[in-house]
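I sat down with this one to see how the chains are put together and how far to trust each part. My entries follow the order in which I looked things up.

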Amino acid sequence: MTLALVLGAVLAVLAVLLVARPFLREPAPADDRLAEPGELDRRRLELVEERDRALAALKELEFDHRTGKISDDDYRALVGPLRRAAAEALRALEPRAESRVAERPTRIGR
Amino acid sequence: MIALSVAAALAVFILYTAVVGGATTQLSPSELAGHTGHVALVGTVVGPVSGDAHGAGLRFRVKDVSGTSRVTVPIVYTGSVPDLFKVGRHIVLTGRLHGATFVGDDGSLVTKCPSKYAPAKGSSST
Amino acid sequence: MAELGRAALLVTFGLVVYALVAGSLAAWKRRRRLALSAQNALLAAFGTTLVAATVLLVALARRDFTFQYVAQHTSRSLPLGYALSAFWGGQEGSLLLWLLILSGYSALAVWLNRRARDLVAWVVPVLGLVAAFFAFMLCFVSSPFVVAPAPGDGAGMVPSLQNPYMLAHPPMLYLGYVGLTIPFAFGMGALLSRRTDERWIVATRRWTLAAWTFLGIGQLLGAHWAYVEIGWGGYYAWDPVENAALMPWLAATAFLHSVMIQEKRGMLKVWNMVLVSLAFLLSIFGTFLTRSGVVNSIHSFSQSPLGGWFLGFIALMTAATVALIYIRLPLLKARTRLESLVSREATFLYNNLLLVALCLTILWGVMYPLLTQALRGETRSVSKPYYDFFLHTFGLPLLLLMGIGPLVAWRRASVRALGRTFLVPLLAAVVTGVALIGVGLGGSTPGLLTYTFSAFVAASIVLEFWRGTNARRAIAGESLPRAFTSLVARNRRRYGGYVVHAAVLLLAIGIAGSSAYQTVREPAHGLRPRQSMEIAGYTLTYRGLSTRQEADAQATRATVDVTRGGSHVTTLHPGKNWYPVEQQTSNEVSIYHDPRNVGDLFTIADQIDPKSQVLFLKVLVKPLVNLIWVAGFIFVLGSVIAMWPDAVEQRRLAERYAPAAMSAGL
């Protein structure tokens with residue numbers, strides 16, 4: 001059926017257009033490089049994840065202590081190192097925040 | 001540590017299938033001759049079908065599902081007969097050879113549905 | 001119109017191959033516009049696949065028998081709903097459904113994560129590769145758009161498929177199977193783009209959970225269909241096709257748990273890559289099993305040519321995945337180590353080991369016939385006893401772990417605190433065990449253990465909610481109900497997870513009750529009218545036969561009166577239907593849902609002799625079996641809670657991955 005073939009051709013044309021769109025919109029771009037996180041960004045991401053992990057672990061510890069899964073002694077023993085780890089992670093992120101022009105107060109936990 | 005545990009688990013079930021022998025041999029009618037042990041027979045139903053599965057036994061023959069062998073084996077079976085059972089269908093049943101006749105285990109007859117998504121069972125229960 | 005369908009699929013094929021090739025090039029050479037172009041190709045592929053799917057749907061609705069597929073799977077008298085469901089009833093259509101869902105998921109996943117440009121740049125070609133395989137099959141090997149001279153009427157649909165559960169079962173399963181491709185693609189994308197952060201996990205967390213839920217529900221629907229429609233008295237037979245769905249589900253369950261450890265402690269990175277790949281490969285393998293006829297199964301298929309292609313694809317993907325993980329091993333070094341064997345991380349690890357062990361055992365059982373044939377020239381197969389043994393060996397400890405996990409703290413649990421937290425659940429378990437033995441249910445060890453462990457788990461879950469609520473009240477001074485809701489709202493994943501555990505618990509209890517404690521009776525010489533039989537306190541009296549004509553079948557029913565202790569309970573009508581168009585008999589079981597044991601009185605008319613009126617009746621009493629279906633609903637509830645969007649968490653994650661802060665100042 002010719003209708004089917006016409007519709008098929010239309011489909012193909014639309015597909016090609018969509019695929020070519022990025023090239024049609026910017027025939028001569030200033031920069032065609034695919035953005036990827038540089039060393040600095042990777043390091044920052046690592047630290048942010050480190051920080052979030054440390055803070056979450058502290059929260060968990062608190063909760064486990066409250067619900068009686070960790071005894072008072074164990075809590076006292078564990079909370080120190082965890083707090084230090086969290087502080088370190090936060091501190092490691094600070095220098096990066098200074099180098100940013102538009103400083104936004106980073107939200108820490110809840 | 002993880003690798004060790006997985007290896008241990010593997011060892012457990014290889015041991016089980018080998019030693020405890022939970023496995024059954026599957027044969028087609030052309031391969032059946034001479035096997036006197038308890039086996040599973042896989043084949044296509046060949047008529048005529050006679051008898052009563054809830055009486056003296058349903059009698060029919062099976063031949064190979066595929067291939068050119070013309071060997072047919074007579075079967076005697078008692079127990080549940082699945083609805084899809086008829087001449088030309090693929091079936092599986094467990095049992096053993098008594099002389100020239102394959103006597104099926106009660107309720108072990110399972111019929112395969114020709115269409116992809118519809119199974120049909122005899123009586124294996126879970 | 002079939003030409004349109006075929007053309008649309010060809011365009012799809014072109015698009016996804018472009019996505020694969022151009023996408024890879026763009027990611028490798030870092031070309032922004034090319035990457036965007038490849039992304040667009042993937043999005044467009046969904047559109048063209050949708051066109052192809054619509055063509056098929058319309059053909060099915062109109063019973064256009066020039067479409068060979070429509071002629072093979074429908075007939076004029078078939079109700080519209082079932083005619084449409086024939087879309088996935090056959091080989092070619094089901095492949096199209098797979099591609100449709102894959103392209104839809106791919107488009108959505110890529111669109112939602114488009115800001116993670118470097119990650120998505122590699123995700124696109126991976127998705128393109130998988131889609132290319134299915135598109136290739138649809139275009140060149142197994143097309144739903146083959147035309148032939150139209151017959152007068154179609155072949156019709158097998159009666160047992162004309163059932164609401166069968167309408168929903170395949171789409172649910174596919175939404176699950178295919179869904180596992182997304183986390184896999186993101187994982188491989190992360191490896192290919194050399195990212196060491198958790199973005200791929202964060203991006204696919206809900207995808208994995210959703211896919212896993214669909215897969216679970218799909219299996220429950222299938223089991224329920226088998227139970228009521230095929231009616232042999234069971235719901236799972238360890239058939240390869242059933243196992244095909246169970247294996248990826250188990251792998252995905254393991255992955256869901258171990259991913260939590262990676263997020264919290266930065267451990268198990270390699271393990272998670274392996275697990276997500278395993279889940280994906282098993283889902284493809286499952287599709288292969290259901291189609292290729294390679295393993296003898298209740299679903300018999302002729303040796304389909306598809307099998308070879310699928311096997312090739314699986315081999316290719318496995319090799320590529322293994323190679324990639326191996327090459328990127330240095331990137332996947334753990335940040336921390338396991339601090340204690342008595343910690344929640346450790347219980348998650350044990351849980352993972354057990355799940356994977358069970359999964360591999362099932363895989364072994366499925367492959368055994370193939371391996372013995374290849375190695376020894378003789379086909380040997382395993383069956384129920386093998387699977388039951390391992391289900392008990394691995395499943396029972398898993399059940400217990402479900403209860404132990406919540407009671408143990410992260411990192412390192414205090415042994416002393418353990419004593420206190422374990423006390424109540426242990427007591428619950430012991431009391432239950434003793435009570436059950438007292439009531440005479442000690443006969444089955446696995447059954448007894450299941451119930452005892454279940455009591456332990458139930459107590460532990462209840463305690464978790466209880467302790468958590470109390471802690472919340474202490475912190476925020478809220479009232480009891482308010483504390484409860486805010487507890488769950490603030491920890492959706494954890495408490496949603498506990499609800500899912502409760503569902504698994506019900507499932508375990510239901511399975512134990514209906515298998516370990518079921519009673520079966522079938523009078524060897526059948527029943528004549530007015531004869532009765534006894535089973536588990538019921539008396540069933542056979543009254544007689546009746547026949548009536550239904551829309552497309554002749555229905556024969558036996559009337560069976562059920563009494564207990566002298567008083568009438570119900571009347572059941574087991575029987576058979578005869579479908580003249582399809583020349584097929586179907587079994588119509590009759591079930592009584594007994595509120596007293598939350599179970600079923602299940603009657604099967606095994607054989608009916610119309611002349612002598614003799615009825616060969618098989619009756620099963622299956623206690624607690626309805627818990628299995630109830631569990632399905634609770635399962636969905638728990639998943640929804642766990643998946644529910646959390647504004648605070650979203651904000652935190654958005655800030656974490658915000659690209660703006662990164663590039664400024666460089």
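The notes below go from confidence to chain contacts and then chain by chain.

**Entry 1: confidence**

I started by reminding myself that this is a predicted model. The predictor gives the complex an ipTM of 0.83 and a pTM of 0.91. Next I pulled the scores for chain C: the average pLDDT is 89, and 97% of the residues score at least 70.

Which elements of chain C have the lowest and the highest mean pLDDT? At the bottom I found helix α21(C), residues 659–663, with 46. At the top sits helix α8(C), residues 181–192, with 96. I then checked the stretch around the weak spot: over residues 660–666 of chain C the pLDDT stays under 50. For those residues the model has twelve contacts beyond four places in sequence.

**Entry 2: who touches whom**

I looked up the chain pairs next. Two pairs of chains touch, and the pair with the most contacts is A and C. Chains A and B are not joined by any contact, and I get 24 Å between their closest C-alpha atoms.

For the A–C side I counted residues: 53 of chain C are in contact with 52 of chain A. The elements of chain C that each supply at least two residues to that side are α1 (2–29), α2 (32–61), α6 (117–141), α15 (415–439), α16 (445–476), α20 (647–656) and α21. Which of them gives the most? That is α2(C), with ten residues. I made a margin note on α21(C): this helix is on the list of contributors, and its mean pLDDT of 46 is the lowest among the elements of chain C.

**Entry 3: chain A**

I went through the chain A elements and found three helices and zero strands, so to speak a plain α-α-α when read along the sequence. How much of the chain is buried? Of its 110 residues, 21% count as buried. I also checked contact range: among contacts in chain A with a separation of 6 or more, 67% are between residues 24 or more positions apart.

**Entry 4: chain B**

Here I found two helices and seven strands. From the N terminus on, they run α-β-α-β-β-β-β-β-β. Buried residues make up 44% of the 126 residues. In chain B, 48% of the contacts with a separation of 6 or more are between residues 24 or more positions apart.

I then followed strand β2(B), residues 39–52, through its pairings. What does each partner look like?

- With β1(B), residues 24–27, the pairing is parallel over three bridges, and T25(B) stands opposite V39(B).
- With β5(B), residues 90–98, I get six antiparallel bridges, with A40(B) partnered by T94(B).
- With β3(B), residues 57–63, there are six bridges, again running antiparallel, and V45(B) faces V62(B).

The link from β2(B) to β3(B) is a hairpin through four residues. A reminder to myself: strands of a sheet pair through backbone hydrogen bonds, either parallel or antiparallel.

**Entry 5: a sheet in chain C**

I traced an open sheet of four strands in chain C, ordered β2-β11-β10-β9 with antiparallel pairing. Why do β2 (519–521) and β9 (590–594) of chain C each have one side without a neighbour in the sheet? They stand at the edges with a single partner strand each, so one side is left free of a neighbour there. Ignoring direction, neighbouring strands of this sheet are turned by 15 degrees against each other on average.

I zoomed in on one edge. β2(C) pairs with β11(C), residues 614–622, in the antiparallel sense over three bridges. Within that pairing, V520(C) stands opposite L620(C).

**Entry 6: helix α13 of chain C**

Last I ran a length check on α13(C), residues 344–376. At 1.5 Å a residue, its 33 residues should span 48 Å, and the end C-alpha atoms are 45 Å apart, which agrees. I then looked for bends and found a kink of about 50 degrees at M367(C), shortly before the proline P369(C). After the helix comes G377(C), with a positive phi near 75 degrees.

Technical notes:
Residues numbered from 1 in each chain as written. Chains lettered and ligands numbered in written order. Predicted model: local features only at pLDDT ≥ 70, side-chain atom pairs only at ≥ 80, totals over all residues. Contact = placed C-beta atoms within 7 Å. Buried ≥ 20, exposed ≤ 12 C-beta atoms within 10 Å, placed from the backbone. pLDDT = per-residue confidence, 0-100. Pairing = 2+ DSSP bridges. Axes fitted to C-alpha atoms, helices over the stretch in contact; angles between N-to-C directions. Expected span 1.5 Å × (residues − 1). Bend = angle between axes of the 7 residues up to and from the residue.
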